[in-house]
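Here are some exercises to work through with the sequence and the model side by side. Try each task yourself before reading its solution.

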Amino acid sequence: MSVRVRIAPSPTGNLHIGTARTAVFNWLYAKNKGGSFILRIEDTDLERSKPEFTQNILDGLKWLGLNWDEGPIFQTDRTALYQTKIQSLLDQGLAYRAYDTPEEIETMRARQKARNEAPRYDNRHRNLTPDQIAAYEAEGRTAVIRFKIEDSREITWTDLVRGNVSWKGRDLGGDMVIARASNTGTIGAPLYNFVVVVDDIDMGITQVIRGEDHIGNTPKQILLYEALGATVPEFGHTPLILNETGAKLSKRDGVTSIFDFKKMGYTAAAFCNYMTLLGWSPIEGMDEIFSLESASKVFGFDRVNKAGAKFDWDKLNWINSQYLHAMPVPELTDLLIPYWQEAGFAFDPIADRPWLERLVAVIGASLAKLTDAVEMAEYLFTQAVTPTEDATKQLGLDGVKDALSAVLAAIPTEALTEESAKAIIDAVVKEKGVKKGLVMKSLRAGLTGSLQGPDLMQSWLLLNAKGWDRIRLTGAIG
RNA sequence: GGUGCUGUAGACAAAUUGGUAAAGUCACAGGGCUUUCAAUCCUGGGUUUGCGGGUUCAAGUCCCGUCAGCACUGCCA
């Protein structure tokens, strides 16, 4: 049977890193097995689901390059199917209507808590007599539908990453609600744990690969597979992504959407690369820099770690830098232009393209994030620079202004080249009898307003192309 | 409270069926290059698998106990 896996995000929020990483693992596994990767939107929470979140999820997956083979399938389009299935469970006596009010459930839980017991539904409405049912209905009570879970059951499965996992029925919290409250004779909105199973069966999902936070749902779902007469798929629960403090990475950690990473200057390929490394390790001899495509060739759950993976910004930065350094200049230029525009730098992306590419060629190898290019190249985009303290000090040194005046006077009217620029420096050194280091350092201070930065000669040429070298040096002398 | 999962250097982690642990990567430190910074290259340090027992010729790997962290415990997903 061919492999069919899915990513099933809920549009109650933006696409976040946990879901994205799960999507990566599913994608990798599907590709490795020559199977299908399916996208299903779990929008059964009508209150919290929002179209803009669905859009964010779709856009995010596309940006990451996690193309899906089927879908998106929306659960809200499938309520008829869920109702049919629920009705059949009802008919078989595997599920029943429970008329408890939320308040009654609340007091039951409070009592359990007071006695230091685990909160659970005590199945009190499992065997209601026809009279009791009639009485509740006469009262006008609505009923949820609960699926029976026998305390004596023992549920076991072989997890793709964790091996044998087993659970006792009595630890599952009592008969589970599979449909929200509704009036007599109707079936309320179906709930997550139920629709997931119905859909996974219907869509022929062969492996359910999801985060470890779902591990407690698995035994309940296995029971549902059995009740629905379906083959239980394989399950693989991947480790969670943790923040510095070891808690599940969440919105509070400053990243609510995958696009936050884009804004921060990470490329999709690098980010996917890093997510893959969060819990999976490459095979012997394989580099840590790889494409999703090449990782898919060797991906398997035997190399997925069980422990939670701490998110490491340093490592992400390094990986991103490797992608940026290896990127051809035109491509990098395309990616950088929006960041410079965003920063408010004045330039014409078309007319200035050759100049921009020269700039990218100079700074490309130093970038870790795309956003680094803003600060790094600022002195080339804004006409006036404020010299740093060190630069000011350098410009005040004996003989500096004299030497820079000589340089300024020697700048040719035609475009400067690396050779002519070097010749000017050599001539000034000789003529003024000063150390070359002094000239170089001072020139850097005068030209860029700083004592460190990208290659001086290239910076000068870039400035010269705009005619700003004269302006800067004049300012430095005066 | 209950249940489950996890625990190898600062981080990610590797380690055939138990058989020399800390491979590799990041970070960090030192050096080269660049008369700058970054990048890059070279070198280096860290140490004994959370802790305690047990089985074994041999345990990161198996067993028992213990501690810690995390997750779940909804008419959310």
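A polar contact, as used below, is a pair of N or O atoms within 3.5 Å. Keep in mind that this is a predicted model.

**Exercise 1. Polar contacts with the RNA**

Task: Find which part of RNA strand B lies 2.9 Å from a polar side-chain atom of Thr44. Then look at Arg162 and Arg444 in the same way.

Solution:
- Step 1. Start at Thr44: a polar atom of its side chain is 2.9 Å from a phosphate oxygen of RNA strand B.
- Step 2. Move to Arg162, where a polar side-chain atom sits 2.6 Å from a sugar or linking oxygen of RNA strand B.
- Step 3. Finish with Arg444, which has a polar side-chain atom 2.6 Å from a base nitrogen of RNA strand B.

**Exercise 2. The surface near the RNA**

Task: Describe the protein surface near RNA strand B: how many residues surround the strand, and which helix gives the most to this surface?

Solution:
- Step 1. Count the neighbours: RNA strand B is surrounded by 54 residues, and the closest are Asp45, Arg162, Ser366, Lys436 and Gly437.
- Step 2. Sort them by class, which gives 18 nonpolar, 15 polar and 21 charged residues.
- Step 3. Turn to the elements. At least two residues each come from helix H4 (102-114), strand S8 (176-182), strand S12 (309-310), helix H11 (313-326) and helix H18 (436-448). H11 gives the most, with five residues.
- Step 4. Now take the RNA side: among its atoms within 4 Å of the protein, 70% belong to sugar or phosphate, and the rest belong to bases.

**Exercise 3. From H18 to H19**

Task: Work out how H18 is oriented relative to helix H19 (residues 456-466), and how far apart their axes are.

Solution:
- Step 1. The two helices pack at an angle of about 40 degrees, and their axes are 11 Å apart.
- Step 2. Because of that angle, H18 is oblique to H19.
- Step 3. Their crossing is left-handed.
- Step 4. The contact involves Met440, Leu443, Arg444 and Leu447 on H18, and Leu456, Met457, Trp460 and Leu463 on H19. Seven of the contact residues are nonpolar, none is polar and one is charged.

You have met Arg444 already: its side chain also has a polar atom 2.6 Å from a base nitrogen of RNA strand B.

**Exercise 4. Two further partners of H19**

Task: Find the angles that H19 makes with helix H20 (residues 468-477) and with helix H13 (residues 353-363).

Solution:
- Step 1. For H19 and H20, the axes come within 5 Å and cross at roughly 105 degrees. The pair is therefore roughly perpendicular.
- Step 2. Trp460, Leu463, Asn464 and Lys466 of H19 meet Trp468, Asp469 and Arg472 of H20. This contact has three nonpolar, one polar and three charged residues.
- Step 3. For H13 and H19, the packing angle is about 165 degrees and the axes are 10 Å apart. These helices are therefore roughly antiparallel.
- Step 4. On the H13 side the contact uses Trp355, Arg358, Leu359 and Val362, and on the H19 side Gln458, Leu461, Leu462, Ala465 and Lys466. Here there are six nonpolar, one polar and two charged residues.

**Exercise 5. Two backbone details**

Task: Decide whether the peptide bond from Gly71 to Pro72 is cis or trans, and locate Asn116.

Solution:
- Step 1. With omega near 5 degrees, the bond is cis. Pro72 belongs to strand S3 (residues 70-74).
- Step 2. Asn116 is in the loop between H4 and helix H5 (130-138). Although Asn116 is not a glycine, its phi is positive, about 60 degrees.

Definitions and conventions. Residues numbered from 1 in each chain as written. Chains lettered and ligands numbered in written order. Predicted model: local features only at pLDDT ≥ 70, side-chain atom pairs only at ≥ 80, totals over all residues. Heavy atoms only, no water. Near = heavy atom within 4 Å. Polar contact = N/O pair within 3.5 Å; in protein donor to acceptor, adjacent residues only side chain to side chain. Helix = DSSP H or I, 4+ residues; strand = E, 2+ residues; numbered from the N terminus. Nonpolar A, V, L, I, M, F, W, Y, C, P; charged D, E, K, R; others polar. Axes fitted to C-alpha atoms, helices over the stretch in contact; angles between N-to-C directions. Parallel < 35°, antiparallel > 145°, perpendicular 65-115°, else oblique. Left-handed = near helix turned anticlockwise from the far one by under 90°. Contact = heavy atoms within 4.5 Å.
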